[in-house]
Amino acid sequence: MLTSTNKTSRKIKQPKVSKHLVNSPFKGKTGLRRLINACGYSIEGFAAAFKHEDAFRQEVFLAAVLIPLGFYLGKSSVDKAMMVTSVLLLLIVELLNSAIEAAVDHTSTEHNSLAKQAKDIGSAAVFLALTILATTWGLILLG
């Protein structure tokens, strides 16, 4: 048995973790099959987010406008890359926020201060991604 100490300096026994429990029973595909499966899961994730998440849907429509504009309005390759990347960053953060919300809601829909905190922190991350997008575009366009 492994031991560790908590804040009151008492030793707590922790069970040994079997090497057989480290890997998920859902993992097993390798090589090209794993890559094909991963692409399928990603497409399902995009579809679920687009179908169930209003904010993600709005941001996808925003991206459909901003990404071509970024290529058109960016003066240099670096400008274009930063403008497009800031839009993609927003989509990534929104997907992660939606995943957090879904996991929290799956656990319980009852009011819980930790669940609220998790959702609020995810929302703050989206706000920061929006701030990065606006700042990047503003600095590049206003020079």
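Trainee: What is the relative accessible area of K80?
Mentor: Let's begin by placing K80, which belongs to helix 4 of this predicted model. (Helices are DSSP runs of H or I with at least four residues, strands are runs of E with at least two, and both are numbered from the N terminus.) K80 counts as partly exposed, between buried (under 20% relative accessible area) and exposed (over 50%), using a 1.4 Å probe and protein chains only. Its relative accessible area is 27%.

Trainee: Before we go on, how are residues numbered, and what pLDDT do local features need?
Mentor: Numbering starts from 1 along each chain as its sequence is written, and side-chain values use heavy atoms, leaving out hydrogens and water. In this predicted model, totals for chains, interfaces and linings use all residues, side-chain atom pairs count only at pLDDT 80 or more, and local features need pLDDT of at least 70.

Trainee: Which element of the protein has the highest mean pLDDT?
Mentor: The pLDDT is the predictor's confidence in each residue, from 0 to 100. The protein has a mean of 89, with 81% of its residues at 70 or more. Among its elements, the lowest mean, 54, belongs to strand 1 (residues 2-5), while the highest, 98, belongs to helix 3.

Trainee: Which pattern does the protein follow along its sequence?
Mentor: Counting its elements gives five helices and two strands. Read along the sequence, they follow the pattern β-β-α-α-α-α-α.

Trainee: Which residues does K80 contact, leaving aside its neighbours within four places in sequence?
Mentor: A contact is a pair of heavy atoms within 4.5 Å. K80 is also one of the helix 4 residues that meet helix 3. Leaving aside those sequence neighbours, K80 contacts G70, F71 and G74.

Trainee: Why are helix 3 and helix 4 roughly antiparallel, and at what angle do their axes cross?
Mentor: The axes are lines fitted to C-alpha atoms over the stretch in contact, and angles between N-to-C directions run from 0 to 180 degrees. Under 35 degrees is roughly parallel, over 145 roughly antiparallel, 65 to 115 roughly perpendicular and the rest oblique. Helix 3 (residues 54-73) and helix 4 (residues 77-107) have axes that come within 8 Å. The two helices are roughly antiparallel because their axes cross at roughly 170°.

Trainee: How far apart are the axes of helix 4 and helix 5?
Mentor: Helix 4 and helix 5 pack at an angle of about 170°, and are therefore roughly antiparallel to each other. Their axes are 9 Å apart.

Trainee: What distance does helix 5 reach from its first C-alpha to its last?
Mentor: Helix 5 covers residues 113-142, which is 30 residues. The expected span is 1.5 Å times one less than the number of residues, and here that is 44 Å. The model comes close to this, reaching 42 Å.

Trainee: Which helices do the buried residues of helix 5 pack against?
Mentor: Of the protein's 143 residues, 20% count as buried. In helix 5, the buried residues include A115, V126, L133 and W137. The buried residues of this helix pack against helix 3 and helix 4.

Trainee: What separates the C-alpha atoms of A129 and L90?
Mentor: A129 lies in helix 5 and is buried, with a relative accessible area of 2%. Beyond its neighbours within four places in sequence, A129 is in contact with L89, L90 and V93. Although A129 and L90 are 39 residues apart along the chain, their C-alpha atoms are separated by 5.1 Å.
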